[in-house]
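User: I've got a structure to go through and I keep stumbling over the vocabulary. Can you take me through the terms using this one?

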Amino acid sequence: MAFDALFNSNKLISRTPAWTRSKPQNSALWFDTELEIDGVTEANFTLHGECRIDLPDMNVGLELVYRSANGFRRHSLARLDWRALRGGHSNQRRKGWPRPVPRTSDTHYHSFQLNWVDGTKMLPGDLPVADEIDGELQSFESMRSLAGILFRISNIDIVPRPPWEYVLL
């Protein structure tokens with residue numbers, strides 16, 4: 001299936017994802033979960049989530065990813081970043097690139113439409129163009145719901161809240 005067809009299809013998450021640490025001493029949490037289109041689990045097509053266990057309610061990314069059959073090539077189709085630790089995203093000026101805003105806030109969307117030429121070829125870089133999100137997303141649940149709309153995943157609500165560690169100072 002072509003990248004634009006994968007992105008534009010209505011999707012379901014095949015199984016409930018579980019946030020996992022990459023290494024016990026590492027603060028990074030992530031998951032990959034398969035996606036279904038028309039009742040068929042699409043090979044190598046996943047919803048990827050990442051955040052940090054020690055940064056509650058911030059620095060969360062949800063992304064649609066397609067991996068080549070051998071697993072060596074990773075194609076990001078779209079990503080929603082919520083309260084990114086690095087702050088906003090700068091859109092570079094390059095001839096022929098869409099440039100919705102010069103710099104976004106810490107919550108922004110790297111859409112398929114802005115980052116793929118004719119739905120078949122990605123612009124150089126890892127989703128290099130982002131656009132602003134209208135309104136502030138106040139919670140993980142509101143971010144997750146918006147990702148469901150943007151990515152066309154009807155059962156996005158089965159993605160659990162990350163098991164953040166809240167520390168009192």
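User: What makes Glu63, Arg74, Arg79, Asp81 and Asp126 a network?

Analyst: Salt bridges link these five residues, Glu63, Arg74, Arg79, Asp81 and Asp126. A salt bridge is a side-chain nitrogen of Lys or Arg within 4 Å of a carboxyl oxygen of Asp or Glu. The structure holds 10 salt bridges. As background, side chains of opposite charge can pair when their charged atoms come close. One caution: this is a predicted model, where local features need pLDDT of at least 70 and side-chain atom pairs count only at pLDDT 80 or more, while totals for chains, interfaces and linings use all residues. Residues are numbered from 1 along each chain as its sequence is written, and side-chain values use heavy atoms, with hydrogens and water left out.

User: Why is the contact between Arg161 and Asp57 called a salt bridge?

Analyst: The N to O distance between their side chains is 2.7 Å, and the cut-off is within 4 Å, so the pair qualifies. Arg161 sits in the segment after helix 3 (140-151) and Asp57 in the loop between strand 4 and strand 5, 104 residues apart. Helices (H or I, at least four residues) and strands (E, at least two) are DSSP runs, numbered from the N terminus.

User: Which salt bridge does Arg161 make with Glu141, and how do you know that it counts?

Analyst: Those side chains meet at 3.0 Å, N to O, so they also pass the test of within 4 Å. Glu141 is in helix 3 and Arg161 in the segment after helix 3, 20 residues apart.

User: How do you know whether Arg161, Asp57 and Glu141 are buried or exposed?

Analyst: Buried means under 20% relative accessible area, exposed over 50%, and partly exposed in between (1.4 Å probe, protein chains only). Arg161 has 34%, Asp57 has 22% and Glu141 has 29%, so each one is partly exposed.

User: And what about Glu136 and Arg83: what makes them a salt bridge?

Analyst: Their closest N and O atoms are 3.5 Å apart, which is within 4 Å, so the name fits. Glu136 lies in the loop between strand 10 (131-132) and helix 3, and Arg83 in the loop between strand 6 and strand 7, so the pair ties together parts 53 residues apart in sequence. With a relative accessible area of 45%, Glu136 is partly exposed, whereas Arg83, at 18%, is buried.

User: How do you know that strand 3 and strand 4 pair?

Analyst: Two strands pair if DSSP finds at least two bridges between them. Strand 3 and strand 4 have 9 bridges and run in the antiparallel sense, so they meet the rule. Thr33 has Leu47 in strand 4 as its bridge partner. In their hairpin, with 2 residues between the strands, Asp38 takes a positive phi near 55°.

User: What makes strand 2 (residues 20-21) and strand 3 a pair?

Analyst: They share 2 antiparallel bridges, and at least two are needed, so they qualify. Arg21 stands opposite Leu29 in strand 3, and a hairpin of 6 residues joins the strands.

User: How do the lining residues of the largest pocket divide?

Analyst: The lining has 6 nonpolar, 8 polar and 8 charged residues. Here Ala, Val, Leu, Ile, Met, Phe, Trp, Tyr, Cys and Pro count as nonpolar, Asp, Glu, Lys and Arg as charged, and the others, Gly among them, as polar.
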